[in-house]
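Hi everyone, thanks for coming. I'd like to walk you through a few spots in one structure, so let's put it up on the screen.

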Amino acid sequence: MTKYNDDKAWRQKFTENEYWMTSEDEPDDPTTEEQVKVEIGVQKTYQKFLRDKKELKVQRGKHIAYLLDGIRHLDSYFDSLDASRPWLVYWIVHSLDLLGELDKHPDIIHDAVVFLSKCQNSTGGFGGGPGQLSHLAPTYAAVNALAICGTQEAYEMIDRKGLHSFLMSMRDPIHGGFVMHHGGENDVRGCYCALNAASLAGVLTPELTAGIPEFIARCQTYEGGMGGFPGNEAHGGYTFCALAAFLLSSPASHQLLNVPALTDWAVARQTPYEGGFNGRTNKLVDACYSFWMGGVFPLLHAMEYGWRFDAFWNQEKPAYNKSTKEEKGSDDMDSLYLFHQKNLQLYILICSQDDVRGGFRDKPGKGRDFYHTCYTLSGLSVSQHNPDGTTSVVGPNENLMEPTHPIHNVRPIKATRMKNFFSEIK
Ligand SMILES: [Zn+2]
């Protein structure tokens, strides 16, 4: 039963007491109980925000302090995440870059490059830490982080020949696609991690992409979204990876996919009450899907309208400076993608942002972390930058993030610079 389905006055929606969306008629159903709990938590968070008369503001200074502190202590803590350190570097440098801060810190950029160079193996590929086995996930994170660092030192550090042969050795000749590491699992993340790194490093060859669109098409499920492997359940993270890899390998063969079904499924992932996205049918909202699902919409837009990202971002004057539509809580903001861009921004700013200590969290009641900070800021950027070159910003104009490349999830200028560097030395 829907108790509320009108988004015309979100302030009013959250001011009225005990007014959430999912019914508690089925108390024995744990999925419904969890959903009701989340909606109550979200409602309280919105209500507190309104009661305290807070501003709809990105707390840049606090986020930057949190991120700088994280990268400076990279060597000394996060023992439990020991196998993910290139990821930590990527999450932090990309977050700082989206906030327009990273390039003010050449010392941090240099230290990040030196650290990543220790994770590169002599056989090509990057491990989760110095001396660890090469794996596609840290390879993706390391190459993206090096693109974001954007210095000659960062580019020249990459063993491109070794990288290409490592990526080729990850191809799965039996099932199609890529395995994540020697003897490891095959899922569609592998396709994205491998082809994304190859594209940025200028080693994206036909041998790497052969058969990939067909493999990805077999991952589309009856729901419309994409699973990690043929026959698996549709999932937000895998859907982003699948579409981005599809566009990297075969930008023109969309007829292999059922794009209308995919669009329906993606649209249904935005939660009507909370405003953020979930990653699967009947699952809870989570701010990291602001990118994993929000980021699907530019890719769908590219498939529907032939939007060519690289040509778009390479215009002489950045298109995103053309105009900014400022939004202060009224309901006249355009959604140019097929999701509600304003409601996503409200969820991010009010429910996900830790406006006291900096950083972003999954949902109210959870703690902040660098992973959610990175993908929430990335999703915020996607929801602000429209495909027609305008921007739609909830709150003051200072809330505007730098744009992010819809496939690589690094700033477009950083992707272009790295690709140009390698195309010139070929
Ligand atoms: Zn999450």
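**A covered helix and a metal site**

Let's begin with helix α15, residues 296-305, which is mostly covered: eight of its ten residues are buried. Helices here are DSSP runs of H or I, at least four residues long, numbered from the N terminus. Buried means under 20% relative accessible area, exposed means over 50%, and partly exposed is in between, using a 1.4 Å probe and protein chains only. Among the buried residues of α15 are Phe-297, Leu-300 and Met-303. Just after α15, Gly-306 takes a positive phi of about 65 degrees.

A word on the source: this is a predicted model, where local features need pLDDT of at least 70, side-chain atom pairs count only at pLDDT 80 or more, and totals for chains, interfaces and linings use all residues. Residues are numbered from 1 along each chain as its sequence is written, and side-chain values use heavy atoms, leaving out hydrogens and water.

Now, which residues coordinate the zinc ion? Asp-286 does so through two OD entries, joined by Cys-288 (SG) and His-372 (NE2), at 2.1 to 2.5 Å. Donors are N, O and S atoms within 2.8 Å of the metal (3.2 Å for Na, K and Ca); water is not among the atoms, so sites may look incomplete. Along the chain, the zinc donors follow the spacing D-x1-C-x83-H. Asp-286 and Cys-288 are both buried.

Last stop, Arg-218: this residue is partly exposed, with a relative accessible area of 48%. Its C-alpha atom is separated by 8.0 Å from that of Gly-231, 13 residues apart along the chain.

How values were computed. Helices (H or I, at least four residues) and strands (E, at least two) are DSSP runs, numbered from the N terminus.
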